[in-house]
Amino acid sequence: MKNNLFLFIFLSVLVNAQVNRFYYDYKFIPDSNNKEEVKKEMMYLDIDKSGSNYYSRDKFVADSTSMADLQKQIKGGSGNININRSERSGQVSYKVTKQYPDFKTYLFTRVSMDQYKVKEDKKPEWKILPEKQKIGEYDTQKATTTYGGREWIAWFSTAIPFQDGPYKFYGLPGLIVKLEDTTGSHIMTLVGNKKLDTPIAATELDMPGNVRVMGIGGKELEVTNDQYRKVWKAYVNDPSKNMREMMMRNGGGDNMKVAFKVKTSDGKEISDPNQVFREMEKRTKESLAKNNNPIEPDLVK
């Protein structure tokens, strides 16, 4: 009877509100060799009757602005596209979706110019413990799991009747209010929520020909975890390969020309393709060295 009552409440919440948005303060240590540097990002967890979406607020805003600008350039018909990404484009580039009622989970991420839809083949296996704690306004209970190469501690509240949570985590009898790994490298804490009258509409960008823009628009390539690991290893070995191939395709006879501009660490703007590629490879190696503590180590090993 108790389970039936919980299911009724769960369904009622979904029916009465199109979107329930939960705000998570995400603190993370990207470099395991520099634990004093802690970064922060505001993450959204949008829940509706069909499932949930977990993504960065800053990236969502930056992508929306960039897509509007690109669409304006395309409609202008000048024959040239200038790609300038926002300086504040978000530190968390991935998105995670879950489809109800079976919680089919996908990680949306990119490697170089390609976007991937990585199907998750494992679910969190929880051990619910008797410890309880008040976090913010919620009475919560402790649970633990091993997932993605890390040991995790979750605090969930049955007062919020969603069996969901940040990132790929779900399956507890209430929303996850706080989630952290045992090293303290990744901590997600619920800090607020509100109901939205209308769901967030995904905007498709109609790009000309075979032009692709890093992290914006386009279709995702659906892959398994194992396939993604192979893609990641290839990218680490040759970071600019995909961009070089795209430049070669668009350099031969297409009316649309794509100009890449990047700024070096000293503020100098460069647009020569060879220099851009060298700068990309340099930045990628530096970024990988400083971002060696990912949320899911097993996915990039």
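Buried, in these legends, means under 20% relative accessible area. The model shown is a predicted one.

**View 1. The whole chain, for orientation.**
Before zooming in, here is the overall picture. The secondary structure adds up to five helices and 16 strands. The chain has 301 residues, and 44% of them count as buried. Take the contacts between residues at least 6 apart in sequence: 61% of these join residues at least 24 apart. About 16900 Å² of the chain is exposed, with carbon and sulfur atoms supplying 49% of that.

**View 2. E120, a buried glutamate in a loop.**
Look for E120 in the loop that links β7 (114-119) to β8 (127-135). Its relative accessibility is 10%, so E120 counts as buried. The side chain of E120 has a polar contact with the side chain of K168, at 2.8 Å. Setting aside neighbours within four places in sequence, E120 touches T105, Y147, K168, N225 and E296.

**View 3. The twelve-stranded open sheet.**
Follow the strands across and you get β8-β9-β10-β11-β12-β1-β2-β3-β5-β6-β7-β13, an open sheet of twelve strands with mixed pairing. The edges are β8 and β13 (221-223), each of which pairs on one side only. On average, and ignoring direction, neighbouring strands in this sheet are turned by 25 degrees against each other. As a reminder, strands of a sheet pair through backbone hydrogen bonds, in either the parallel or the antiparallel sense. For one antiparallel pair, go to β2 (residues 39-48) and β3 (residues 51-56), which are joined by six bridges. Here Y44 sits opposite Y55 of β3.

**View 4. Strand β11 and its two partners.**
How many of the seven residues of β11 (residues 175-181) are buried? Six are, so the strand is largely enclosed by the rest of the structure. On one side, β11 pairs with β10 in the antiparallel sense over six bridges, and S157 has L175 of β11 as its bridge partner. β11 also pairs with β12 (residues 186-196), again antiparallel, over three bridges. In that pairing, the bridge partner of E180 is I187 in β12. β11 and β12 make a hairpin with four residues between them, and G184 in the turn has a positive phi of about 75 degrees.

**View 5. K27, across from the hairpin.**
K27 belongs to strand β1 (residues 19-28). With 32% relative accessibility, K27 counts as partly exposed. K27 and E180 are 153 residues apart along the chain, and their C-alpha atoms are separated by 9.4 Å. Beyond neighbours within four places in sequence, K27 contacts V38, K39, K40, S185, H186 and I187.

**View 6. The nonpolar cores.**
Which residues have the most contacts inside the largest nonpolar core? They are F22, Y94 and L175, in a core of 45 residues. Strand β10 (residues 150-157) gives the most to this core, contributing five residues. Another core, of five residues, lies apart from it and includes M113, M243, F277 and M280. Back in the largest core, zoom in on L175: leaving aside neighbours within four places in sequence, its contacts include F22, Y24, L45, I47, W155, F156 and L190. S157, named above as the bridge partner of L175, is also among the contacts of L175.

**View 7. Backbone oddities in the loops.**
Most residues other than glycine have a negative phi, and most peptide bonds are trans. This view collects some exceptions. Y100 and P101 are joined by a cis peptide bond, with omega about 5 degrees. P101 lies in the loop between β5 (95-99) and β6 (104-111). That loop also holds F103, whose phi is positive, near 60 degrees. F103 counts as buried because its relative accessibility is 11%. Y167 is placed in the loop between β10 and β11, and its phi is also positive, near 55 degrees. Is Y167 buried or exposed? At 3% relative accessibility, Y167 counts as buried.

Definitions and conventions:
Residues are numbered from 1 along each chain as its sequence is written. This is a predicted model: local features need pLDDT of at least 70, side-chain atom pairs count only at pLDDT 80 or more; totals for chains, interfaces and linings use all residues. Side-chain values use heavy atoms; hydrogens and water are left out. Helices (H or I, at least four residues) and strands (E, at least two) are DSSP runs, numbered from the N terminus. Buried means under 20% relative accessible area, exposed over 50%, partly exposed in between (1.4 Å probe, protein chains only). Contact means heavy atoms within 4.5 Å. Accessible areas come from the Shrake-Rupley method with a 1.4 Å probe; for residues, only the protein chains shown count as cover. A polar contact is a pair of N or O atoms within 3.5 Å; within protein, one must be able to donate a hydrogen and the other to accept it, and residues adjacent in sequence count only if both atoms are side-chain atoms. Two strands pair if DSSP finds at least two bridges between them. Axes are lines fitted to C-alpha atoms, for helices over the stretch in contact, and angles run from 0 to 180 degrees between N-to-C directions. A nonpolar core is a set of buried Ala, Val, Leu, Ile, Met, Phe, Trp, Tyr and Cys residues joined through side-chain atoms within 4.5 Å.
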